[in-house]
Amino acid sequence: MSDTTYDMIVIGGGPGGYECAIRAAQLGLKVACVEKRGSLGGTCLNVGCIPSKALLNASEKFEEANHGLAVMGIELGKVDLDLKTMLGHKDKIVGDLTKGIEFLFKKNKVDYVKGAGRIAAAGRVVVVDGAGTERELATKHIVIATGSDHMELPGVSIDEKRIVSSTGALSLAKVPAHLVVVGGGYIGLEMGSVWKRLGAKVTVVEFLDRIVPGMDGEIGKNFNRILKKQGMTFRLSTKVTGAKVGKSGVSLTVESAAGGDAETIEADIVLVAIGRRPYTEGLGLEEAGVALDDKGRVAVDASFATNVAGIHGIGDVIAGPMLAHKAMEEGVALAEILADKAGHVNYETVPGIVYTWPELAAVGKTEEQLKEAGVAYTVGKFPFSANSRARCNNTTDGLVKILADAKTDRILGAHILGPDAGNLIHEVVVAMEFGGAAEDLALSFHGHPTLNEAVKEAALAVGGRAIHI
Ligand SMILES: Cc1cc2nc3c(=O)[nH]c(=O)nc-3n(C[C@H](O)[C@H](O)[C@H](O)COP(=O)(O)OP(=O)(O)OC[C@H]3O[C@@H](n4cnc5c(N)ncnc54)[C@H](O)[C@@H]3O)c2cc1C
């Protein structure tokens with residue numbers, strides 16, 4: 001095999017692509033990963049999960065130091081914000097982690113090819129580097145892992161200065177007096193929370209009559225109420241029709257989603273966070289004959305194979321929730337399949353987490369989905385206000401809700417709004433992976449006093465036998 005002939009070439013070095021490359025190399029395949037960004041880790045490490053969580057954590061500490069400690073007898077006086085250092089801290093984490101993936105590539109002998117990849121045909125990838133130099137690589141398998149990009153809103157063009165995408169919102173040079181977030185999904189609420197805690201007035205404009213669409217309705221309503229209590233303003237059932245950028249800010253025109261009189265909202269910064277779309281530009285998919293679905297995603301079968309033999313797709317660029325861990329699991333499963341092993345992703349147990357305060361985490365079905373499917377179910381709920389550890393920590397907002405099959409007691413879904421929900425959800429994920437019943441969770445030991453006991457109590461409540469409520 002020559003230097004430029006591979007078993008697998010992965011186009012895109014995000015969580016889907018890099019995990020696929022590493023696992024395939026571990027299984028003995030000769031692998032290259034082509035990435036055009038200049039650093040590995042994709043959206044997630046560079047401008048997504050990691051920088052947003054670094055800022056969420058730092059801003060949460062700032063908020064706590066300002067408002068959350070006096071009640072416990074800790075007086076800090078005035079707490080100052082050094083935004084430059086906070087952003088620098090975030091950038092350092094991103095730099096360290098992206099270099100970490102380079103290290104893992106070297107360790108596993110994955111060739112990191114810098115440049116933009118294009119599929120010339122099945123088995124042939126052309127890479128153009130930063131200097132414009134082209135070279136062609138040959139391979140048995142091509143993996144499209146080119147991820148996604150933010151969606152644009154007609155009439156509101158993103159300049160990453162006054163009107164920003166999530167990428168711009170991760171690096172604002174100063175705290176805006178008024179940040180308007182267009183879109184009440186997880187990215188808008190997370191970034192809105194960051195800047196709210198750092199001192200901005202935040203208004204969320206959402207077309208639908210609710211935030212976090214797709215999440216359980218009851219939990220979404222509770223979440224909305226808590227965020228309002230924190231001081232976020234919501235304009236639901238409202239559509240943005242245009243934006244005018246001036247010297248000192250943006251005039252955003254809005255009207256009722258059902259139509260009506262136009263109104264103007266003045267903002268210092270507008271964040272457009274209305275969703276993400278699959279990214280396939282410049283890949284040569286049409287020429288290679290690779291079929292897309294009706295939403296512009298690379299169409300694949302259950303083994304991640306496209307309609308062209310030897311070309312596969314994983315991650316945000318194919319159907320399914322646009323989440324890093326979903327992309328990672330698909331990457332590993334595909335590597336296993338191509339190395340003649342069994343690769344499998346259980347889409348019934350993909351957790352979704354919003355890392356605000358409190359956090360919101362969900363797995364499986366919502367109550368609305370079960371109703372629509374006509375499934376008979378039982379519900380168990382437990383509020384954090386009745387959990388002793390949450391009371392010690394002064395974090396009593398929210399609840400755990402577990403949905404189980406009425407006949408078999410099998411867990412069908414879990415929705416946690418509360419402190420550390422993003423960690424708590426995983427015991428339910430594991431239980432569901434094993435086909436567990438609510439009773440399995442309810443009768444498992446849970447250390448005392450822990451937040452996890454709220455999960456146990458909600459599971460007990462499914463059978464009508466919670467103790468502490
Ligand atoms: C602000 C924000 C916060 C997020 N937070 C979370 C979170 O907390 N948890 C979570 O699970 N998900 C989160 N996500 C979503 C997560 O980032 C994505 O689901 C994940 O990155 C998808 O991985 P991927 O490998 O499919 O694609 P990507 O990470 O998008 O990587 C694709 C890579 O392909 C490269 N590429 C594209 N075309 C070419 C080409 N022709 N040649 C070479 N390279 C190419 C791109 O440069 C990119 O680096 C967040 C996203 C955003 C924007």
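**Ligand shell, strand pairing and backbone features**

The residues of the shell around the ligand divide into 17 nonpolar, 17 polar and 6 charged. The model is predicted. In total, 40 residues surround the ligand. The closest are Glu-35, Thr-43, Lys-53, Gly-117 and Ala-324.

Polar contacts to the ligand involve both backbone and side-chain atoms. At Thr-43, an N or O atom of the side chain is 2.6 Å from an oxygen atom of the ligand. At Gly-117, a backbone N or O atom lies 2.8 Å from a ligand nitrogen atom. At Lys-36, the distance from a backbone N or O atom to a nitrogen atom of the ligand is 3.3 Å. On its own, the ligand has 1,000 Å² of accessible area, and the protein covers 97% of it.

Several elements give two or more residues to the shell around the ligand. The helices among them are α1 (15-26), α2 (42-47), α3 (49-68), α6 (186-197) and α9 (324-338). The strands are β2 (31-35) and β4 (116-121). Helix α2 provides the largest share, with 4 residues. Thr-43, within the range of α2 (42-47), is listed with the closest residues. Its side chain supplies the 2.6 Å approach to a ligand oxygen atom. Gly-117 falls within β4 (116-121) and makes its 2.8 Å approach through a backbone atom. Glu-35 belongs to β2 (31-35), Lys-53 to α3 (49-68) and Ala-324 to α9 (324-338).

The cysteines were examined next. The structure holds 0 disulfides. Cys-20 is in no disulfide, and its nearest cysteine sulfur, that of Cys-33, is 8.9 Å away. A disulfide is a covalent bond between the sulfur atoms of two cysteines. The cut-off for such a pair is 2.5 Å. The sulfur of Cys-33 has its closest cysteine sulfur in Cys-20 at 8.9 Å, so the separation is too far for a bond. Both residues are enclosed: Cys-20 is buried at a relative accessible area of 0%, and Cys-33 is likewise buried at 0%. Cys-20 falls within α1 (15-26), and Cys-33 within β2 (31-35). Both of these elements give two or more residues to the ligand shell.

Strand β19 (residues 359-364) is largely enclosed by the rest of the structure, because 5 of its 6 residues are buried. Strand β19 pairs with two strands described here. With β18 (residues 352-354), the pairing is antiparallel over 3 bridges. A hairpin of 4 residues joins β18 to β19. With β22 (residues 411-418), the pairing is also antiparallel, over 6 bridges. Ala-361 takes part on both sides. Ile-353 stands opposite Ala-361 in β19, and Ile-416 in β22 is the bridge partner of Ala-361.

The loop between β18 and β19 also holds Pro-358. The peptide bond from Trp-357 to Pro-358 is cis, with omega near -5 degrees. A further cis peptide bond runs from His-448 to Pro-449, again with omega near -5 degrees. Pro-449 sits in the loop between α13 (438-442) and α14 (452-462).

Positive phi values occur at two non-glycine loop residues treated here. Phi of Glu-160 is near 60 degrees. Glu-160 lies in the loop between β7 (148-150) and β8 (163-164). With 33% relative accessibility, Glu-160 counts as partly exposed. Phe-304 has a positive phi of about 65 degrees, although it is not a glycine. The loop that holds Phe-304 runs between α8 (285-288) and β17 (311-313). In contrast to Glu-160, Phe-304 is buried, with a relative accessible area of 4%.

Gly-132 occupies the loop between β5 (124-128) and β6 (134-144). Gly-132 is partly exposed, at a relative accessible area of 47%. Along the chain, Gly-132 and Ala-116 are 16 residues apart. Their C-alpha atoms are separated by 9.7 Å. Ala-116 falls within β4 (116-121), an element that gives two or more residues to the shell around the ligand.

Methods
Residues are numbered from 1 along each chain as its sequence is written. This is a predicted model: local features need pLDDT of at least 70, side-chain atom pairs count only at pLDDT 80 or more; totals for chains, interfaces and linings use all residues. Side-chain values use heavy atoms; hydrogens and water are left out. Buried means under 20% relative accessible area, exposed over 50%, partly exposed in between (1.4 Å probe, protein chains only). A residue is near a molecule or strand if one of its heavy atoms lies within 4 Å of it. A polar contact is a pair of N or O atoms within 3.5 Å; within protein, one must be able to donate a hydrogen and the other to accept it, and residues adjacent in sequence count only if both atoms are side-chain atoms. Accessible areas come from the Shrake-Rupley method with a 1.4 Å probe; for residues, only the protein chains shown count as cover. Ala, Val, Leu, Ile, Met, Phe, Trp, Tyr, Cys and Pro count as nonpolar, Asp, Glu, Lys and Arg as charged, and the others, Gly among them, as polar. Two strands pair if DSSP finds at least two bridges between them.
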